[in-house]
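Subject: Handing over a structure, with notes

Dear colleague,

I am passing on the structure below, and I would be glad if you kept it open while you read the notes that follow it.

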Amino acid sequence: QDTLGLAIPDELGILPIVIGGFGPAIAAVIMTWRGEGTVRALLKKVLDWRQHPKWYLVSLFLTPAMIPVGSALYAASGGVLDLSVLVQRLPMYPIQFVFVLFLGGGQEELGWRGFALPRLQAAYGGTVASLVIGVIWAVWHLPVFAIPASSQYGQAFLPYAVGVLGFSVLLTWLFNGTGGSVLLAMLFHASLNASSTLYPIPVDVLRSSGFPDIVMLGMALATWVVALVVLSRDGRSLNPRRDAETTTTPP
């Protein structure tokens, strides 16, 4: 198919998606290995599971709780909802979640939050660091909007990017609140990606026109409402906890 003026064979069309998924994590490992700190200390953050239950609730259920907002906007725009599709999709959700956790986006968090966030917020603060990473995170995924094998193919980029900026703020809140747990950030990312399958939109609509932009806009709006509530009620949550300020350990 011809995308952005380039002919990309179907067999090679999946390669940018694979690179995009593992690129941030691979870059984090290489930069840590060649710079300060140790790779072992970086990877240890992925095993940081001893956290307060509230952070597990945030990681696993916050983004699925936003589904009614996007669904309502879709219905208000004239779209037809079919709640019966959830009966078919819910049993598959745990499998999709595990897949996304390790291969479909969750693995990116080793780079975004594990490596980049502590360094940026130590220099510029959590809010600025969140927005900088959000922009990079969104732009990193821009090529997949032109790849038919991608779930973003055919979508509008702007609602996606606005939502990513909001999610980046929430992930900073989560990361700092857990003292730097990459595992919880991975769970949040996996929940975000996998929950898109839980929207009660008929399969024939998704096959014919893809994921509706109005739904993505609803998710973006809901994300920023939550992010602004977090900022207004607990602005200090975007300041790193002392044990999360550095990612380096003596060699």
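The chain contains 12 helices and 2 strands, and, when it is followed along the sequence, the order is β-β-α-α-α-α-α-α-α-α-α-α-α-α. Please keep in mind throughout that this is a predicted model. Of the 251 residues in the chain, 47% are buried. If one takes the contacts between residues at least 6 apart in sequence, 81% of them join residues at least 24 apart.

One pair of helices deserves a slower look. The axes of helix 6 (residues 93-102) and helix 10 (residues 182-194) come within 8 Å of each other and cross at roughly 125 degrees, and because of that angle helix 6 is described as oblique to helix 10. The crossing of helix 6 past helix 10 is right-handed. On the side of helix 6, the contact is made by Tyr93, Gln96, Phe97, Val100 and Leu101, while helix 10 contributes Met186, Leu187, His189, Ala190, Ser191, Asn193 and Ala194. Sorted by type, the residues of this contact comprise 8 nonpolar, 4 polar and no charged ones.

Next comes the nonpolar interior. The largest nonpolar core has 55 residues, and those that touch the most other members are Val58, Phe167, Leu170, Trp173, Leu174, Phe188 and Tyr199. Val58 itself, once residues up to four places away in sequence are set aside, touches Trp173, Leu174 and Phe188.

Thr63 lies in the loop between helix 3 (53-61) and helix 4 (67-76). Is Thr63 buried or exposed? Its relative accessibility is 1%, and because residues under 20% are counted as buried, Thr63 belongs to the buried ones. Not counting residues up to four places away in sequence, Thr63 touches Phe167, Phe188, Ser191, Leu192 and Ser195; of these, Phe167 and Phe188 are also among the core residues that touch the most other members, and Ser191 is one of the helix 10 residues in the contact with helix 6.

Val69, which is found in helix 4, has a relative accessible area of 35% and is therefore partly exposed. Leaving aside neighbours within four places in sequence, Val69 is in contact with Gly218 and Ala222. The C-alpha atoms of Val69 and Val215 are separated by 8.0 Å, although these two residues stand 146 residues apart along the chain.

With best wishes,
A colleague

Note on methods:
Residues are numbered from 1 along each chain as its sequence is written. This is a predicted model: local features need pLDDT of at least 70, side-chain atom pairs count only at pLDDT 80 or more; totals for chains, interfaces and linings use all residues. Side-chain values use heavy atoms; hydrogens and water are left out. Axes are lines fitted to C-alpha atoms, for helices over the stretch in contact, and angles run from 0 to 180 degrees between N-to-C directions. Helices (H or I, at least four residues) and strands (E, at least two) are DSSP runs, numbered from the N terminus. Angles under 35 degrees count as roughly parallel, over 145 as roughly antiparallel, 65 to 115 as roughly perpendicular and the rest as oblique. A crossing is left-handed if the near helix is turned anticlockwise from the far one by less than a right angle, and right-handed if clockwise. Contact means heavy atoms within 4.5 Å. Ala, Val, Leu, Ile, Met, Phe, Trp, Tyr, Cys and Pro count as nonpolar, Asp, Glu, Lys and Arg as charged, and the others, Gly among them, as polar. A nonpolar core is a set of buried Ala, Val, Leu, Ile, Met, Phe, Trp, Tyr and Cys residues joined through side-chain atoms within 4.5 Å. Buried means under 20% relative accessible area, exposed over 50%, partly exposed in between (1.4 Å probe, protein chains only).
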